[in-house]
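Trainee: Before we discuss this model, may I ask how its terms are justified? I should like each one set against its definition.

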Amino acid sequence: MSVNCDITFTLNGVARRLSVPLEMSTLELLRDQLGLTGTKYGCGEGECGACTVLVDGVSVNSCLMFAVDCDGRELVTVEGVIAGATGQRLRDSFVEKGAVQCGFCTPGLMVQATHLLARDPAPDEETIRRGIEGNLCRCTGYRKIIDAIATVAQGEHHG
Amino acid sequence: MAATVHGVQSYVAPRSLDEALAVLAGGGVSVLAGGTDLMPQARAGRRPLEPVLMNIRRVAGLGGVDLAGGSIRIGALVTVTELRDSALVRERLPPLWQACDQFASDQIRNVATVGGNLCNASPAGDTLVPLLALDASAVLAAGSGDARRTRRVPLAQFFTGPGRSCRQPDELLVAVEVPEPPAGSVGAFHKHGTRPALDISTISLAVAARRDGAVLRDVRIACGAVAPTPIRAPRAEAALEGRSPDAATIEAAAQAALQDVHPISDLRASDWYRRELVHNLLQRVLSHVSQL
Ligand SMILES: Cc1cc2nc3c(=O)[nH]c(=O)nc-3n(C[C@H](O)[C@H](O)[C@H](O)COP(=O)(O)OP(=O)(O)OC[C@H]3O[C@@H](n4cnc5c(N)ncnc54)[C@H](O)[C@@H]3O)c2cc1C
Ligand code: FES
Ligand code: FES
């Protein structure tokens with residue numbers, strides 16, 4: 001019996017017009033309604049960062065955002081991030097440094113790292129650590145993730 | 001997926017304060033700012049949504065951090081990231097800046113608003129404690145057009161219990177006003193949690209004072225998560241007022257603070273542990289402040 005609302009927004013550069021239930025989260029909109037499953041559902045409570053997307057250029061937890069709030073805004077998901085130059089460098093660097101094990105945290109980290117590098121193209125290790133505080137990884141112990149991001153930041157990677 | 005939220009009948013995203021206040025006057029409204037409290041609370045059934053969901057993020061005039069007429073005005077929609085990026089906040093309101101720096105994660109800071117933090121009124125809310133020590137007031141508005149009423153409530157009177165404030169259902173928090181700290185002001189914020197950032201603080205402390213030669217004046221100390229609301233610590237303040245913050249004075253203030261707090265025991269920490277923390281944390285913050 002949920003009530004719907006019409007919204008228009010830009011998703012990965014493409015204008016979209018949709019009708020969404022008022023109580024739906026942006027994460028549910030992306031995964032369930034639009035089939036963009038790169039964005040992950042981890043905790044649903046803002047703790048793990050697996051659902052991180054960019055909204056008007058800043059990283060947010062899509063599980064905490066109402067889908068209706070996408071109206072008039074610009075969203076970029078990991079699918080959009082990977083299409084960009086920084087996204088591709090990050091992907092290659094994550095692979096090269098072994099920063100991916102089960103991979104569940106990876107999309108959220110790629111999006112968060114993109115935001116981090118957009119704000120600060122040359123972050124030091126402490127800045128990288130602080131920047132990914134909201135992204136949990138159960139597998140890697142973070143070291144390799146930090147190295148992968150640092151490598152892209154230092155522009156050492158030319159793959 | 002988590003249980004869905006039921007009961008929302010309509011969604012509005014007003015662009016002006018007048019419009020927003022007219023919607024509020026109609027009653028049955030859930031105000032949505034960043035949603036970082038509203039969404040999880042609604043989903044968990046702790047605070048069911050009202051029939052009208054009003055998104056205030058597009059309301060003009062609720063942003064900005066500005067110094068004018070001896071006070072620093074922080075718009076209700078200013079995010080924790082914006083506070084952390086503000087040179088005015090970093091230079092003039094260090095306890096608030098430090099609280100924002102230690103607040104949750106980047107993703108949460110990017111959306112969490114100061115208005116939402118205050119209106120959610122958690123005894124562990126991180127901006128509440130420095131704002132209380134900085135003697136801030138909440139600016140509340142109600143009614144539209146000619147019937148517009150605005151009142152200023154000192155934060156010391158704003159919080160009435162866990163999750164409760166004196167904000168009336170037809171009122172919107174439009175801004176927080178902080179008196180411009182005078183020359184020689186010093187201050188610091190410190191929080192203790194099991195995980196530095198993301199965890200809700202077990203306790204937090206903020207100190208603001210003015211250095212007058214060797215002594216401290218206008219000392220204000222605020223504590224979070226040691227009582228049903230964030231509180232001032234008047235006995236500890238009195239122990240410091242007009243004194244030089246040497247080791248003996250700091251110890252006397254830390255002892256006095258134990259009479260000021262009424263911590264609870266919960267799954268995060270016992271009452272005894274929280275008292276120990278208040279003592280030790282206040283000692284540490286005061287030693288830091290004495291060296292500024
Ligand atoms: C994972 C996680 C970590 C967190 N970590 C911290 C932390 O470290 N420290 C901390 O203090 N908090 C933390 N929080 C809580 C939350 O992020 C903050 O309280 C935040 O400031 C709320 O702001 P918001 O804009 O998201 O509020 P919303 O969720 O939009 O609103 C919160 C409440 O205030 C009301 N409201 C909002 N704005 C107004 C207004 N202008 N006028 C009237 N009513 C209003 C809403 O109706 C709602 O009841 C955390 C939350 C999560 C999910
Ligand atoms: S699913 Fe959103 S933060 Fe975990
Ligand atoms: S690689 Fe498994 S959670 Fe990070």
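Mentor: Let us begin with the salt bridges, of which there are 24 over all chains. The model is predicted, so local features need pLDDT of at least 70 and side-chain atom pairs count only at pLDDT 80 or more, while totals for chains, interfaces and linings use all residues. Residues are numbered from 1 along each chain as its sequence is written, chains are lettered from A and ligands numbered from 1 in the order in which they are written, and side-chain values use heavy atoms, with hydrogens and water left out.

Trainee: What makes Arg73(A) and Asp69(A) a salt bridge?

Mentor: A salt bridge requires a side-chain nitrogen of Lys or Arg within 4 Å of a carboxyl oxygen of Asp or Glu. The closest N and O atoms of Arg73(A) and Asp69(A) are 3.3 Å apart, so the pair meets that definition.

Trainee: Why is Arg73(A) called buried?

Mentor: Buried means under 20% relative accessible area, exposed over 50%, and partly exposed in between (1.4 Å probe, protein chains only). Arg73(A) has 14% relative accessibility and therefore counts as buried. Its partner Asp69(A) is buried as well, at 2%.

Trainee: Why is Arg151(B) called partly exposed?

Mentor: Its relative accessibility is 32%, a value that lies between the two cut-offs. Arg151(B) forms a salt bridge with Glu171(B), with the closest N and O atoms 2.7 Å apart. Arg151(B) lies in strand β7 (residues 149-154) of chain B and Glu171(B) in the loop between β9 (164-165) and β10 (172-179), so the pair ties together parts 20 residues apart in sequence. Helices (H or I, at least four residues) and strands (E, at least two) are DSSP runs, numbered from the N terminus. Glu171(B) has a relative accessible area of 7% and is therefore buried.

Trainee: What do the side chains of Asp260(B) and Arg235(B) form?

Mentor: They meet in a salt bridge at 3.0 Å, N to O. Asp260(B) belongs to helix α11 (residues 247-260) of chain B and Arg235(B) to helix α10 (residues 234-240) of chain B, so the pair ties together parts that are 25 residues apart in sequence. Asp260(B) counts as buried at 5% relative accessibility, whereas Arg235(B) is partly exposed at 47%.

Trainee: Which residues do salt bridges that share partners join into one network?

Mentor: The network consists of Asp56(A), Asp69(A), Arg73(A), Arg57(B) and Arg58(B).
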